[in-house]
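Open the model in your viewer and keep the selection tool at hand. This tour goes stop by stop.

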Amino acid sequence: MQIDLVQPRHSYAEPTESGARGHIYTPHSLWTAAARLKAVGHEVQLYDENLRPYDGRSQIVGANFLGAPYIPVVRDLQARVSGRAHWLLGGQLFDPQFGLTDTQREHLFGANSVNGNKDGELQKVLGHESPLPRPEEISLIPIYEQVSDEDFKLYLEHEM
C-alpha cells in the first residue's frame, strides 16, 4: 500500500507562491513513522512542503503537526488534495493524553482522519493484525536513503 507522509510547510513561512523555502528542518518523528510503515511492507514517500509543494497521489496521506498553528496549514493541504480515502494525523497535537480528542480531530479534519499516534487506529486503517514495530526496533537508514542528496544537505546545513 502506498502512503505519502507530508511535513506541512511551517505555519509562519512565507506563502509557497513567494518562491521562498519554508523553515528547513526535519522532524525525526515523521521519519520514524515512515520507517515503521516501511518495515511492515508499505511503500512510503516523504514530502516536505518547506522545500516544495506536495504533489503525491496516494489514497493515504499522513501529516505531521508540531502544534496548533499547523491546523489551518493542514486543512489547506486537505483542500488542495481532496478526495483522499484516509488521513493519518500525528505529532504533538495528537498526543493521546494531552492533544485533541477524537471528536475534535474529526470535527477539524473529517471522518476520514485518524490519530496516527495511536497504533491501533493505524492497524485498522492499514489492515494489520499484528502490531507495528516499536520505534526503537527499526532503522531509519531506509528512509534516509530515500532523501535526495540535495535535500539531505539542506537539512544538515540547518536544524537536523
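What follows is a list of selections and what to look for at each.

**Before you start.** This is a predicted model, in which local features need pLDDT of at least 70, side-chain atom pairs count only at pLDDT 80 or more, and totals for chains, interfaces and linings use all residues. Residues are numbered from 1 along each chain as its sequence is written, and side-chain values use heavy atoms, with hydrogens and water left out.

**Stop 1: the largest nonpolar core.** Select Ile 3, Leu 5, Trp 31, Leu 37, Leu 88 and Leu 126. Of the 24 residues in this core, these touch the most other members. A nonpolar core is a set of buried Ala, Val, Leu, Ile, Met, Phe, Trp, Tyr and Cys residues joined through side-chain atoms within 4.5 Å. Buried means under 20% relative accessible area, exposed over 50%, and partly exposed in between (1.4 Å probe, protein chains only).

Which elements give two or more residues to this core? They are strand 1 (2–7), helix 1 (28–39), helix 4 (119–126) and helix 6 (149–157). Helices (H or I, at least four residues) and strands (E, at least two) are DSSP runs, numbered from the N terminus. Helix 1 gives the largest share, five residues. Another core, of 18 residues, lies apart from this one; Val 61, Trp 87, Leu 89 and Phe 94 are among them.

**Stop 2: two residues of strand 1.** Stay on Leu 5. Leaving aside neighbours within four places in sequence, Leu 5 is in contact (heavy atoms within 4.5 Å) with residues including Leu 30, Ala 33, Val 44 and Gly 62.

Now pick Gln 7, also in strand 1. Gln 7 is buried, with a relative accessible area of 1%. Beyond four places in sequence, Gln 7 touches residues including Tyr 25, Tyr 47, Asn 64 and Tyr 70.

**Stop 3: Ala 63.** Move to strand 3 (60–65), where Ala 63 is found. Ala 63 counts as buried, at 3% relative accessibility. Draw a distance to Leu 88: the two are 25 residues apart along the chain, and their C-alpha atoms are separated by 6.4 Å. Leu 88 is also one of the residues that Ala 63 touches, as are Val 6 and Val 74.

**Stop 4: the largest pocket.** Select Ser 29, Ala 33, Gly 90, Gly 116 and Asn 117. Of the 20 lining residues, these are the closest to the pocket's centre. The volume is about 380 Å³. Helix 1, strand 3, strand 4 (86–91) and helix 4 each supply at least two lining residues. The largest share, six residues, comes from helix 1.

On a 1 Å grid over the protein atoms alone, a pocket is an open set of points where a 1.4 Å probe fits, with protein on both sides within 12 Å along at least five of seven lines; lining residues have an atom within 4 Å of a point.

**Stop 5: helix 6.** Is Asp 151 in helix 6 buried or exposed? Asp 151 is buried, and so are Phe 152, Leu 154 and Tyr 155. These cover an arc of only 155° around the axis (by the directions from the axis to the C-beta atoms), which puts them on the same side of helix 6. Asp 149, Glu 150, Lys 153 and Leu 156 are exposed on the other side. The buried residues pack against helix 1, strand 2 (43–48) and helix 5 (141–144).

**Last stop: Met 160.** Select Met 160, in the segment after helix 6. Met 160 is partly exposed, with a relative accessible area of 33%. Its contacts beyond four places in sequence include Trp 31, Tyr 144 and Phe 152.

Conventions
Grid points are joined across faces, edges and corners, and a volume is the space filled by probe spheres set on the points.
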